[in-house]
Amino acid sequence: MSGILDKFRLDGKVAWVTGASYGLGLAYAKAFAEAGAKVVFNDINEELVEKGRNEYAKLGIEAYGAVCDVTNEEAVNAFVADVKAKIGTIDILVNNAGIIKRIPMHEMSKAQWDQVINVDLTGPFICSKAVIPDMIEKKSGKIINACSMMSEFGRETVSAYAAAKGGLKMLTRNICSEYGQYNIQCNAIGPGYIATPQTAPLRARGEDGKMAPFDRFIRSKTPAQRWGKTEDLQGLAVFLASPASDFINGQVVYIDGGISAYIGQDPSNLDESKFAAIEEDEFVNVLDK
Ligand code: NAP
Ligand code: GCO
């Protein structure tokens with residue numbers, strides 16, 4: 001008899017995580033492999049893909065990786081065809097690849113705006129479009145989008161990113177609406193502030209060793225008073241990729257240590273000495289383990 005935990009297994013499934021040579025993508029892929037899936041990843045250049053291949057090999061994971069820019073429809077279609085021929089049709093897609101440009105909106109060029117929208121919103125459209133026909137045929141598929149706090153909130157300097165991640169929330173609901181009838185579920189993970197290279201500049205300590213003001217701000221805004229770790233996101237990723245979530249569709253689930261439930265405390269009340277000692281451990285990236 002199969003038990004409840006078997007519903008979280010991904011045995012034999014082909015899971016494609018975009019931009020997964022390091023950071024959150026690598027953490028999702030690692031969790032999928034542990035749950036039994038065959039992992040496929042792409043990244044933007046050969047150097048990153050090679051870095052990813054080494055990382056998966058170190059973790060004992062047999063992963064297929066190749067260069068593919070998620071904004072290039074032709075390249076994405078060729079990647080999906082290649083995976084189909086070599087490994088099988090894609091059962092699970094995580095639209096993880098993303099970029100951010102922190103520039104005041106009135107100083108941002110249209111080219112910079114376009115770049116962020118292309119990678120963070122158009123990329124998920126192109127990749128989802130490439131896998132949906134096979135999912136329709138199989139009458140089964142899981143698409144997981146990388147949303148953000150910026151799918152709900154604004155902040156200085158991140159206009160294009162917020163517009164893209166807000167749009168991605170609606171793309172998630174629309175894929176759910178359009179393809180739910182084929183047993184395709186599209187949901188999103190909305191990470192709070194997670195310690196990855198993308199967020200490293202926000203918490204870099206000054207030469208005096210003092211906590212960055214933004215680091216202080218985020219801890220004051222987070223009931224857990226810490227940055228997220230890549231591992232914090234793995235459980236939800238496996239759940240949303242697995243049959244255990246077959247009737248959950250069109251949802252964004254936030255993993256933010258409580259940020260979106262809390263108005264925050266006065267940053268000047270935060271006792272900085274409490275955090276200094278654990279700094280190194282806390283910001284360790286999956287790659288460094
Ligand atoms: P990351 O460390 O920057 O990793 C993203 C990966 O995507 C990188 O390998 C990146 O390559 C790659 N990439 C960029 N453009 C691409 C393209 N056109 N085609 C293919 N790959 C491309 O980001 P992360 O922090 O792991 O975040 C992963 C996702 O979660 C992103 O969508 C991000 O917006 C979202 N997110 C992150 C956080 C957080 O706190 N870290 C919070 C909420 C949401 P390069 O290194 O060359 O850019
Ligand atoms: C920023 C951050 C965020 C996070 C994340 C929050 O500059 O505010 O980079 O955008 O990366 O997306 O959920």
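This tour moves through the open space of the structure, from its largest pocket to the two ligands and then to an enclosed cavity. Keep in mind along the way that the model is predicted.

**The largest pocket**

Begin by selecting Asn 96, Ala 97, Gly 98, Ile 99 and Gln 198, which, of the 37 residues that line the largest pocket, lie nearest its centre. The volume of this pocket is about 780 Å³. If you then colour the lining by class, you will find 21 nonpolar, 11 polar and 5 charged residues. Helix 1, strand 2 and helix 5 each supply at least two residues of the lining, and the largest share, 3 residues, comes from helix 1.

**Ligand 1**

Next, select ligand 1, which sits in the largest pocket. The elements that give two or more residues to the shell around ligand 1 are helix 1 (23-34), strand 2 (38-43) and helix 5 (159-179), so it helps to display these three stretches as ribbons before you add side chains. Around ligand 1 there are 28 residues, the closest being Tyr 22, Asn 96, Tyr 161, Ile 194 and Thr 196. By class, this shell is made up of 15 nonpolar, 10 polar and 3 charged residues.

Which side chains bring a polar atom to an oxygen atom of ligand 1? Show Tyr 161, where a polar side-chain atom lies 2.6 Å from an oxygen atom of the ligand, and then Lys 165, where an N or O atom of the side chain is 3.0 Å from an oxygen atom of ligand 1. Add Gln 198 to the selection as well, since one of its polar side-chain atoms lies 3.2 Å from an oxygen atom of ligand 1. With the protein surface switched on, you can see how the protein covers 90% of the 890 Å² of accessible area that ligand 1 has on its own.

**Ligand 2**

Now move to ligand 2, which also sits in the largest pocket. The residues that surround ligand 2 number 14, and the closest are Arg 102, Ser 148, Arg 155, Tyr 161 and Gln 198. Sorted by class, the shell around ligand 2 holds 8 nonpolar, 4 polar and 2 charged residues.

Select Ser 148, which has an N or O atom in its side chain 2.7 Å from an oxygen atom of ligand 2, and then Arg 155, where a polar side-chain atom lies 2.7 Å from an oxygen atom of this ligand. Return after that to Tyr 161, whose side chain has an N or O atom 2.7 Å from an oxygen atom of ligand 2. The protein covers 97% of the 330 Å² of accessible area that ligand 2 has on its own. Tyr 161 is worth keeping on display, for it is listed among the closest residues to ligand 1 and among the closest residues to ligand 2.

**The cavity**

For the last stop, leave the pocket and turn to enclosed space. How many cavities of 30 Å³ or more does a search of the whole structure find? The search finds 1, and the volume of this largest cavity is about 40 Å³. To frame the cavity in the viewer, select its lining, namely Val 80, Lys 84, Gly 88, Thr 89, Ile 90, Val 131 and Asp 134. The elements that give two or more residues to this lining are helix 3 (73-86) and helix 4 (110-138). By class, the lining residues divide into 3 nonpolar, 2 polar and 2 charged.

Conventions: Residues are numbered from 1 along each chain as its sequence is written. Chains are lettered from A and ligands numbered from 1 in the order in which they are written. This is a predicted model: local features need pLDDT of at least 70, side-chain atom pairs count only at pLDDT 80 or more; totals for chains, interfaces and linings use all residues. Side-chain values use heavy atoms; hydrogens and water are left out. On a 1 Å grid over the protein atoms alone, a cavity is a set of points where a 1.4 Å probe fits but cannot get out, and a pocket is an open set with protein on both sides within 12 Å along at least five of seven lines; lining residues have an atom within 4 Å of a point. Grid points are joined across faces, edges and corners, and a volume is the space filled by probe spheres set on the points. Helices (H or I, at least four residues) and strands (E, at least two) are DSSP runs, numbered from the N terminus. Ala, Val, Leu, Ile, Met, Phe, Trp, Tyr, Cys and Pro count as nonpolar, Asp, Glu, Lys and Arg as charged, and the others, Gly among them, as polar. A residue is near a molecule or strand if one of its heavy atoms lies within 4 Å of it. A polar contact is a pair of N or O atoms within 3.5 Å; within protein, one must be able to donate a hydrogen and the other to accept it, and residues adjacent in sequence count only if both atoms are side-chain atoms. Accessible areas come from the Shrake-Rupley method with a 1.4 Å probe; for residues, only the protein chains shown count as cover. A molecule sits in a cavity or pocket if more than half of its atoms lie within 2 Å of its grid points.
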